[in-house]
Each structure stands twice: as C-alpha cells, then as structure tokens.
Amino acid sequence: MASLELPGFADPVGGAQACFRGLLDAMARPGTLHEVGELAAPPPLDPATASVLLTLVDADTTLWLDEPCAPAREWVLFHCGAPLVADPAGAAFALALAMPKLAALSAGSDAAPEDGASLILQVAALRSGLPYRISGPGLKEPALLQVQGLPEDFAAQWAANHALFPRGIDLVLTAGRLFCCLPRSVQIGMG
Amino acid sequence: MPRGSCRGDMPKGDMTEPDPNARRRRWMAVLARASAAEIEALLEATELPPPHIRLRGPEIGLVMVRGRAGGGGAGFNLGEMTVARCSVRNEEGRVGHAYVAGRDLRHAELAAALDAAMQDEARRDALEAAIVVPLAAAQARARAANEGKAAATRVQFFTMANMR
C-alpha cells in the first residue's frame, strides 16, 4: 500500500490519448521534445515517465522495472495492471531510472522485429547535459539532443543496437514533464 | 442466476475466522449486493466514512462471466456482465475497492469508501453493526422469500418403471 497513494490520469481516456498522440509524433521525429499534461506522479517517477507508462503499458504487455523504481511498484501494478517479469529479456517494456545494458533487453527477431522491447528511461534532464548528435529517418538534417544522465558508453551501446536493425530496442527518454523518443533506426554520435 | 456464483453470505454466528480476509470479503459482498439508496439511507444514521480521493474510477466496464457445465465440465464464457468499479484512498491512507454489478457509479464509490473506512479497526464494529448487518439481514430475507416462492412451484418428476 506504500506507494498506492495517487490516482492515474484524471481523465483516463483523454489523458492516454493525448499522451499517445505525443508519443507518435515523438517517434516520427526523433529527438524532438514533447510535454505531458498535469499528473501527480508517484516518487521516484516524473510526470512524463508516469504518463508514458499509463499510456503504453497494460495487462497485455510484460513490464520489467529496475531496482530504483521499486518505490513506485504498487502504483504501476495497480494502474497499469501489467505482468511484471524479473528477467529484462522477457519484457515488452522496461522502465528504468538507471539505464540497463541495451543488450540485456529483447531485440525481437528478424521474423518479428516488432517484438523488440521499448525502454522507458527516466534521465536527470533533457535540456541540459551532454550533447548527442542524432541523425536518421525522421530527421532532415542531424540534430543535437542534450541529455543528462546517460551512461558513458551510451553511444557505443546504441551503435550496437542500431546495427541490429530491423531488430533492436526503442528508447523513450523522460525527465520532468518532457519526453523524447529515439527509435532503433536513429544513429547517435557524440555532438 | 446460478446459485454457485453467489457465495459469500453471512456465516451464522461464527466469529472465529482463520482467514483474515473473510470478514472483509463478507462486507464487500454485502455492500456490492445492496443498492446505493439502501446504503445512503443507513449512512444517515451513523458517522460518515472519512473523506477520500479517487484512485481509479468510478467507471463502468464489462467483465466476462465464466461458467462450467456440471461439476467437472470445461469452463466456457457464459456472457459479459456490466460492472461498475471504484478504488479510493481515504484521509487515513486506507485504500478501499468495490466492484458492483450494474452501472451505478455512486454505489461503487460508496462501497469503496466504506471498504476503506472499515479497514480501520476503530470504526469497523460500529460501521458493520450500522450498515452491513441490516443490509445482510435484508438480503437474506429477500433471498428466503424468493426461494420460498420458487420452492412452492417445484415439480417432482419421476418415471414409473412398470408402465409399459
């Protein structure tokens, strides 16, 4: 009962649809920042993280939580109703405050690349921090994305993930009320 | 309605419960079978449950009711049933849940608020005596009357083995 103190979206249908629309745009235009509506998120999750979870995760999707997310576990279980898995390789969605090795998540198969997991990663900040140069489908020209809180070997891990295409992991970065998406088709270098 | 699906009646005079949830299960069942108007009428005479916020709902949805042919037959989908549900957290931090048949959102929220309040041992006995006991008695009476009516129309079929 510890963390089950907060409601989900005030308007479950409208809230999820608005956030889903934002996710579609964010996936289509990698690296663009989008804002979520008001939501009282359970600590340690930010409003953007909680909104994306409520929007994407439900009883039909397996979910893996990393250790620092544990205080919000009850809230996630109650509002998303997703079956939690202990092994990240078996999860359709992964929620993390500290990035797990991308290789530890399911990248799907060549026959069903859509089975690749989506990682929802809450970072310290999205408008400050290290600049990353991103390019690929959805970006007319390379863009800079500033992220604070990614591991040092992120670019190398991402290069390995990108090389798996069409298999791979899709990444949703969240911080505060902002989020952006990095689909597996994107190339990332240090800016 | 099949009798087998209506479990959870008040056990008669038995207050020793090995299952710690048995008592809660019973009041949740009684509250779910009552109507919002019945609960509200009884609430007027007693202390109101503490204020709450809504965690989820109240909302209306469908649940699939599963049936089973005979005692050992395979399960099958009997049909969908409209259900209103609500989950609340009251000021004391207790979380109450309710699932009630039908579309009465007020009923679901009242039942959830009472479920939360009755988890507080200081209130439980008073609320149970003021609300659950009279509701359970009324439900038992209604059921007995219904069963009496049905029993009066019972026909015993039997085969006369010697009729050729």
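**Exercise 1. Arg167(A)**

Work out whether Arg167(A) counts as buried, partly exposed or exposed in this predicted model, and find what it touches.

*Solution.*
1. Count neighbours: Arg167(A) has 19 other C-beta atoms within 10 Å.
2. Now bring in the cut-offs: buried needs 20 or more, and exposed means 12 or fewer. With its 19, Arg167(A) is therefore partly exposed.
3. Place the residue: Arg167(A) sits in the loop of chain A that runs between α4 (154–163) and β7.
4. List its partners, leaving out residues up to four places away in sequence: Ala107(A), Gly108(A), Ser109(A), Asp110(A), Pro113(A) and Gly116(A).
5. For a distance check, take Leu97(A): 70 residues separate it from Arg167(A) along the chain, and their C-alpha atoms are 24 Å apart.

**Exercise 2. Ala18(A) and the α1/α2 pair of chain A**

Classify Ala18(A) by its surroundings, then describe how α1(A) and α2(A) are oriented.

*Solution.*
1. Ala18(A) belongs to helix α1 of chain A.
2. It has 16 other C-beta atoms within 10 Å, so Ala18(A) is partly exposed.
3. Look across to Thr55(A): 37 residues away in sequence, yet the C-alpha to C-alpha distance from Ala18(A) is 9.0 Å.
4. Go up to the helix level. The axes of α1(A) and α2(A) cross at roughly 100° and come within 9 Å.
5. An angle of 65 to 115 degrees counts as roughly perpendicular, and α1(A) and α2(A) are therefore roughly perpendicular to each other.
6. Who makes the contact? From α1(A) it's Ala16(A), Cys19(A), Phe20(A) and Leu23(A), and from α2(A) it's Ser51(A), Val52(A), Leu54(A) and Thr55(A).
7. Sort that set by class and you get six nonpolar, two polar and no charged residues.

**Exercise 3. Covering up α2(A) and α3(A)**

Find how many residues of α2(A) are buried, and what packs on the buried residues of α2(A) and of α3(A).

*Solution.*
1. Helix α2(A) spans residues 47–56, and 10 of its 10 residues are buried. Among them are Pro47(A), Leu53(A) and Leu56(A).
2. The cover on α2(A) includes α1 (12–28), α3 (73–80), β3 (93–96), β4 (118–122), β7 (170–175) and β8 (178–182) of chain A.
3. Move to α3(A), where Trp75(A), Val76(A), Phe78(A), His79(A) and Cys80(A) are buried.
4. These pack against α2 and β2 (63–65) of chain A, and also against β1 (52–68) of chain B.
5. Just after α3(A) comes Gly81(A), with a positive phi near 65°.

**Exercise 4. The nonpolar core**

Identify the residues with the most contacts inside the largest nonpolar core, and the element that gives the most to it.

*Solution.*
1. The largest nonpolar core has 86 residues, and Leu53(A), Phe93(A), Ala94(A) and Leu173(A) have the most contacts inside it.
2. The biggest giver is α3(B), with nine residues.
3. Zoom in on Ala94(A). Beyond residues up to four places away in sequence, it touches Trp64(A), Pro88(A), Pro100(A), Leu105(A), Ala117(A), Leu119(A) and Ile120(A).
4. As background, nonpolar side chains tend to be buried together in soluble globular proteins.

**Exercise 5. α2(B) and its two helix partners**

Give the orientation and handedness of α2(B) against α3(B) and against α4(B).

*Solution.*
1. Start with the layout: chain B has four helices and three strands, in the order α-α-β-β-β-α-α.
2. Helix α2(B), residues 36–43, packs on α3(B), residues 105–118, at about 45°, with the axes 9 Å apart. That makes α2(B) oblique to α3(B).
3. The crossing of α2(B) past α3(B) is left-handed.
4. Here Ala36(B), Ile39(B) and Glu40(B) meet Arg106(B), His107(B) and Leu110(B). The classes come out as three nonpolar, one polar and two charged.
5. Next partner: α4(B), residues 121–152, packs with α2(B) at about 140°, again with axes 9 Å apart. The two are therefore oblique to each other.
6. This time α2(B) passes α4(B) in a right-handed crossing.
7. The contact uses Glu38(B), Ile39(B), Leu42(B) and Leu43(B) of α2(B), plus Ala130(B), Ile131(B), Pro134(B) and Leu135(B) of α4(B). By class, that's seven nonpolar, no polar and one charged.

Technical notes. Residues are numbered from 1 along each chain as its sequence is written. Chains are lettered from A and ligands numbered from 1 in the order in which they are written. This is a predicted model: local features need pLDDT of at least 70, side-chain atom pairs count only at pLDDT 80 or more; totals for chains, interfaces and linings use all residues. Axes are lines fitted to C-alpha atoms, for helices over the stretch in contact, and angles run from 0 to 180 degrees between N-to-C directions. Angles under 35 degrees count as roughly parallel, over 145 as roughly antiparallel, 65 to 115 as roughly perpendicular and the rest as oblique. A crossing is left-handed if the near helix is turned anticlockwise from the far one by less than a right angle, and right-handed if clockwise. Two residues are in contact if their C-beta atoms, placed from the backbone, lie within 7 Å. Ala, Val, Leu, Ile, Met, Phe, Trp, Tyr, Cys and Pro count as nonpolar, Asp, Glu, Lys and Arg as charged, and the others, Gly among them, as polar. A nonpolar core is a set of buried Ala, Val, Leu, Ile, Met, Phe, Trp, Tyr and Cys residues joined through C-beta atoms within 7 Å.
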